[in-house]
Protein chains: 2
Amino acid sequence: MPNPTAAMLTIGDEILSGRTRDSNMPHLARTLAAAGIDLREARTVPDDAAEIVAAVNALRARYDHVFTSGGIGPTHDDITADAIAAAFGVGIGVREDARAILATNYADPERELNEARLRMARIPDGATLIENPVSRAPGFTIGNVHVMAGVPAVFDAMVASLAPLLTGGRPLLSVSARAAHPEGILAGPLRALAEAHPSVSIGCYPFNQGGVFGANVVLRAQDEAALAAAEAGLAAMLGELGAGRA
Amino acid sequence: MPNPTAAMLTIGDEILSGRTRDSNMPHLARTLAAAGIDLREARTVPDDAAEIVAAVNALRARYDHVFTSGGIGPTHDDITADAIAAAFGVGIGVREDARAILATNYADPERELNEARLRMARIPDGATLIENPVSRAPGFTIGNVHVMAGVPAVFDAMVASLAPLLTGGRPLLSVSARAAHPEGILAGPLRALAEAHPSVSIGCYPFNQGGVFGANVVLRAQDEAALAAAEAGLAAMLGELGAGRA
């Protein structure tokens, strides 16, 4: 059975302006790879309701899971929850369980549950909450869409809350080797290796460190035996190249 | 006249697996913001020809410019140039000007222009080359799609080669202020500020540093006077909040 598929949707003008460098996608990618869920696409869109709705609807129709990041805070530019409700064609309002969670957090009278903060208890109809042990205000899951915060510490905590609830597949296994040859030398033998091991994905990522041109070769597969066979083939290939150039 | 729009398409399994953290999008985003070209969307897709073709065709129909990153090296997993030719329905082959550039680089007999490296001279019909002062192998522009390397130093150099050739608009100006109040306190006044300055985009990005909850407020606009007016409004707002909590 093939692994479940996933897409990530990052929401925020600050990412597209280059002001903030996203770290949530790499974190989610590593978590999903370990869980055997294949991240097949990532998109970033601005804080614009129509753009969010269109992207959510395109991605949720195509992939088993959609994970979103950003736009669920208390300020006027946090429009994700409303956009998700619109995408699903459902209502949205303050929900008692979410309000109760926020009220606990804001028991300190200096930090009262004002109108802005209460916005974070607005949850689309039919959603289930995603726990946020960092700052309380919950994320939510509706259908196959998991809506989480943009602040990395909170995003990571929500992913940790959510991950055990997802049905995974076979984890993507990988091994890598550092080759002290430029890509142009590796390319021919690597193509032959890829043809000999069709179930293994072979990537080649060049580097130039202190004037040495080399590449990291990464082998990825779901099947352990297939990966081991390709790894042995790579070791033999690098051994031959080394001898040939000595 | 509105600014030209743009999308970025990042191509590579290594990004979606979480192995490599992309830095090309933030670099392009900052370059485009300074040039007055609005980056409206970013996507990442795997090294899969059908996925690349579909994304390129969706994005080039919608935005004035599409910038791609990744998949133009010499190895078997570098399929971007072929996918771009397929997206445009044109042929692709080794081009003499590209071959000449590569031959100069590989004049060292230790690094001969072998079959794999010659792949980097395969350019879709009708494209123009993008200069690569770092490692010579060129990128290319076809229609409104600019195809560049994934290695950050090479990507940055290609963006630098390309940027002067693009017609920009009004640069996106921004100012930011650090507020020592949690988002839940800032949200109400910020909403009023946003309503009073509709041509200014106001973002609020919370932080927690050493137990202090605060937020960076970022104002973005194309019009300098509008930005200055909103900035004055923000300063007055923060002054009032400060007094109110002292």
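**Helix crossings, sheets and a two-fold interface**

In chain B, helices α3(B) and α4(B) cross in a right-handed manner. This comes from a predicted model, and the crossing is a handy place to start looking around. The two helices involved are α3, residues 49-62 of chain B, and α4, residues 80-88 of chain B, and their axes come within 9 Å while crossing at roughly 50°. α3(B) and α4(B) therefore count as oblique to each other. On the α3(B) side, the contact is built from A49(B), I52(B), V53(B), V56(B) and N57(B). The α4(B) side brings T80(B), D82(B), A83(B), I84(B), A86(B) and A87(B). Sorted by class, the residues of this contact come out as eight nonpolar, two polar and one charged.

Now for chain A. Here helix α3 (residues 49-62) and helix α4 (residues 80-88) have axes that come within 9 Å and cross at roughly 50°. α3(A) and α4(A) are therefore oblique to each other, and their crossing is right-handed. The residues that α3(A) puts into the contact are A49(A), I52(A), V53(A), V56(A) and N57(A), while α4(A) offers T80(A), D82(A), A83(A), I84(A), A86(A) and A87(A). The split by class is eight nonpolar, two polar and one charged.

How do the two chains relate to each other? In general, two copies of a chain are related by a rotation about an axis and a shift along it. For this model, a turn of 180° with a shift of 0.0 Å along the axis lays chain B on chain A, with an RMSD of 0.0 Å. The two copies are thus related as by a two-fold rotation axis. Looking for the spot in chain B that comes closest to that axis leads to R43(B), whose C-alpha is 2.2 Å away from it.

The chains also touch. In chain B, 49 residues are in contact with 49 residues of chain A. Several elements of chain B each supply at least two residues to the side that touches chain A: α1 (13-16), α2 (24-35), β2 (38-45), α6 (115-118), α8 (183-196), β10 (201-209) and β11 (212-221). The biggest giver is α8(B), with eight residues. By class, the side of chain B that touches chain A has 22 nonpolar, 12 polar and 15 charged residues. Of the interface residues of chain B, 100% are also interface residues in chain A, so the copies meet through the same surface.

Strand pairing takes place across the two chains as well. Strand β2 of chain A, residues 38-45, pairs with β2(B) in the antiparallel sense, over three bridges. In this pairing, A42(A) sits opposite T44(B).

Within chain B, there is an open sheet of three strands, ordered β9-β11-β10, with antiparallel pairing. β9 (173-179) and β10 of chain B are at the edges with a single partner strand each, so one side of each has no neighbour in the sheet. On average, neighbouring strands in this sheet are turned by 20° against each other, direction ignored. β10(B) and β11(B) run antiparallel and are joined by nine bridges, and Q209(B) stands opposite V212(B) in β11(B). Helix α8(B), already met at the interface, lies across β9, β10 and β11 of chain B and runs at about 170° to β10(B).

The strands of chain A can be read in much the usual way, pair by pair. β9(A), residues 173-179, and β11(A), residues 212-221, pair antiparallel over seven bridges, with N216(A) as the bridge partner of R178(A). β10(A), residues 201-209, pairs with β11(A) in the antiparallel sense over nine bridges, and there Y205(A) stands opposite N216(A). β10(A) and β11(A) form a hairpin with two residues between the strands, where G210(A) takes a positive phi near 60°.

Another set of strands in chain A involves β7(A). Strand β6 (residues 128-130) of chain A pairs antiparallel with β7 (residues 139-142) of chain A over three bridges, and L129(A) has F140(A) as its bridge partner. β7(A) also pairs antiparallel with β8 (residues 145-148) of chain A, over three bridges, with T141(A) opposite H146(A). β7(A) and β8(A) make a hairpin with two residues between them, and in its turn G143(A) has a positive phi of about 55°.

Terms used: Residues numbered from 1 in each chain as written. Chains lettered and ligands numbered in written order. Predicted model: local features only at pLDDT ≥ 70, side-chain atom pairs only at ≥ 80, totals over all residues. Least-squares fit on C-alpha atoms with pLDDT ≥ 70 in both. Contact = placed C-beta atoms within 7 Å. Axes fitted to C-alpha atoms, helices over the stretch in contact; angles between N-to-C directions. Helix = DSSP H or I, 4+ residues; strand = E, 2+ residues; numbered from the N terminus. Parallel < 35°, antiparallel > 145°, perpendicular 65-115°, else oblique. Left-handed = near helix turned anticlockwise from the far one by under 90°. Nonpolar A, V, L, I, M, F, W, Y, C, P; charged D, E, K, R; others polar. Pairing = 2+ DSSP bridges.
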